[in-house]
Amino acid sequence: MSNIFNQIPLQILTGFLGSGKTTLLNKVVNRPEMKGTVLIINEVGEIPIDNKLISGDNPVIVLDSGCICCTVQDGLVNVLHYLIEEKDNNPEFSFNRVIIETTGIADPAPIIDLIFHYEEILLNYSFAGTITVIDGVNAKEELAKNYEAVKQIAMADKIIISKTDRLSQDEIEALKNTAEDLNQSADVFLSTLDNPPMDAFTSFDIFNTPKDLKTVMKWINSKRSDYKLASGMAPVKLSGVMNKTLPTHSNYQTIALSFDKPLNRFTVVHAFDALNSQFGESIIRLKGIFDFDEGYPFVIHGVQGECYPVTNQLEWEGKPFSQMVVIVSPRIAEQVEHMLKQMIRPLDDSE
Ligand SMILES: Nc1nc2c(ncn2[C@@H]2O[C@H](COP(=O)(O)OP(=O)(O)OP(=O)(O)O)[C@@H](O)[C@H]2O)c(=O)[nH]1
């Protein structure tokens, strides 16, 4: 068991769907100063993809049986407990920091609440703050529609504005102002694909609780009426670790597809183009790893109806595969799934 002097710092990394959390983590965790970091990644959808996009030696643990802020709190407690046990009993395992990457639709409040109220976590870990990634390109629309995106910013100790390589100086200033409107106490950092703000991850004082604990507590008990953006979340009752009222998410549906044969690249690109032009921003998030039989995996991302260029230079580990997750509003889910199944064809398709 640990004491106050060797409590492990625990950071939460949050930010709306597609804002750039995994990309940032991938850049950040392989730096020497982050050695010994354990990543706990929570994903929506039955098929976890993000863990396959993180390279390097740091242990990555996936929590994929639901969203960490409502259904997998027990899972998080178990993982944190397991890590301490391993550290105490296995001389070959040590770690000095944990970063929890939430799903893009997570409300950080219940996770922070859990950290502060679960005795075993408090004994061994020290909460080192919430880092929220704001999507530099899509934040305006997201904040107008999604309550989670607003709350993620309001709860932050540090805010990272991503994708600033695609923004003008005026746009960056406007986003800084938005961030400040929602949260005056957080430090704001800027990020590009090549230049992740390391300070946001490395500068914290583990002997202090985050500076705006009061704000955190206010948020934990808050109702939507305080904020005029986006729609509210309906409260639900949970059993398990936290037997209290917690929010559910805005309305999203996840479509997860796997394919066991190499795919025809053009049919995939064509299907995504068709989805984005027909449904636009209702395709909230799309991501996939694809086997086009070219010897290495292709990674395709889409955020709010726009597809991004392939960015990850990965290699296959084991047998090639194709898996994708699409997050959409429920009213179009059936149609989207049908289109994808119709349009995406295997390479050897003779039709
Ligand atoms: N131009 C640019 N693109 C970025 C930047 N950060 C992320 N992206 C792109 O944005 C897309 C989504 O990034 P991810 O890191 O997967 O986003 P995420 O927040 O982990 O997404 P979820 O897992 O859905 O919550 C990818 O295509 C990234 O390459 C950036 O700083 N600049």
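Okay, let me start with a residue out on the surface: Asp293, at 52% relative accessibility, counts as exposed. Just keep in mind that this is a predicted model. Asp293 sits in the loop between strand 11 and strand 12. What caught my eye is the backbone there, since Asp293 has a positive phi of about 60° although it isn't a glycine. Most residues other than glycine have a negative phi.

There's another residue of that kind, Lys163. Its phi is near 60°, again a positive value in a residue other than glycine. You'll find Lys163 in the loop between strand 6 and helix 8. So is Lys163 buried or exposed? It's buried, with a relative accessible area of 13%, whereas Asp293 is exposed at 52%.

Lys163 also brings me to the salt bridges. How many does a search of the whole structure find? The answer is 7. I'll walk you through some of them.

Lys163 pairs up with Asp135, and the closest N and O atoms are 3.0 Å apart. Asp135 is in the loop between strand 5 (125-134) and helix 6 (139-145), while Lys163 is in the loop between strand 6 (158-161) and helix 8 (169-182), so this pair ties together parts that are 28 residues apart in sequence. Asp135 is buried too, with a relative accessible area of 1%.

Next up, Asp107 with Lys151. Here the closest N and O atoms are 3.0 Å apart. Asp107 comes from the loop between strand 4 (97-101) and helix 4 (108-117), and Lys151 from helix 7 (residues 147-154), so the pair links parts 44 residues apart in sequence. And how covered are the two partners? Asp107 is at 1% relative accessibility, so it counts as buried. Lys151 is buried as well, with a relative accessible area of 4%.

Have a look at helix 7 while you're there. The helix is mostly covered, with 8 of its 8 residues buried. Charged side chains are in that list: Glu148 and Lys151 are among the buried residues of helix 7, together with Tyr147, Ala149, Val150, Gln152, Ile153 and Ala154.

Now back to the loop where I started. Glu294 meets Arg265 in a salt bridge, at 3.8 Å from N to O. Glu294 lies in the loop between strand 11 (283-290) and strand 12 (298-303), and Arg265 in helix 11 (residues 265-279), so the two tie together parts that are 29 residues apart in sequence. Glu294 is partly exposed, with a relative accessible area of 38%. Arg265 counts as partly exposed too, at 33% relative accessibility.

A quick one on helix 3 (residues 73-89), which holds Val77. Val77 is at 7% relative accessibility, so it counts as buried. Val77 and Ile121 are 44 residues apart in sequence, and their C-alpha atoms are 7.4 Å apart in space.

Right, on to the ligand. Which residues are closest to it? Lys21, Thr22, Thr23, Arg285 and Lys287 are, out of 22 residues that surround the ligand. By class, that shell has 4 nonpolar, 10 polar and 8 charged residues.

Let's zoom in on the contacts with ligand oxygens. Gly18 comes in through its backbone, with a polar atom 3.0 Å from an oxygen atom of the ligand. Lys21 uses its side chain, where a polar atom lies 2.6 Å from a ligand oxygen. Then there's Arg285, with an N or O atom of its side chain 2.5 Å from an oxygen atom of the ligand. As for cover, the ligand has 660 Å² of accessible area on its own, and the protein covers 96% of that.

Which elements give two or more residues to the shell around the ligand? They are helix 1 (21-28) and strand 11. Helix 1 gives the most, with 3 residues.

And where does the ligand lie with respect to the domains? Domain 1 (7-247) and domain 2 (253-343) both give residues to the shell, so the ligand lies between them.

If you want to follow this on screen, begin at Asp293 in the loop between strand 11 and strand 12. From there, go to Arg285, one of the closest residues to the ligand. Okay, that's my tour, over to you.

Terms used:
Residues are numbered from 1 along each chain as its sequence is written. This is a predicted model: local features need pLDDT of at least 70, side-chain atom pairs count only at pLDDT 80 or more; totals for chains, interfaces and linings use all residues. Side-chain values use heavy atoms; hydrogens and water are left out. A salt bridge is a side-chain nitrogen of Lys or Arg within 4 Å of a carboxyl oxygen of Asp or Glu. Helices (H or I, at least four residues) and strands (E, at least two) are DSSP runs, numbered from the N terminus. Buried means under 20% relative accessible area, exposed over 50%, partly exposed in between (1.4 Å probe, protein chains only). A residue is near a molecule or strand if one of its heavy atoms lies within 4 Å of it. A polar contact is a pair of N or O atoms within 3.5 Å; within protein, one must be able to donate a hydrogen and the other to accept it, and residues adjacent in sequence count only if both atoms are side-chain atoms. Accessible areas come from the Shrake-Rupley method with a 1.4 Å probe; for residues, only the protein chains shown count as cover. Ala, Val, Leu, Ile, Met, Phe, Trp, Tyr, Cys and Pro count as nonpolar, Asp, Glu, Lys and Arg as charged, and the others, Gly among them, as polar. Domain bounds come from an automatic or database domain assignment.
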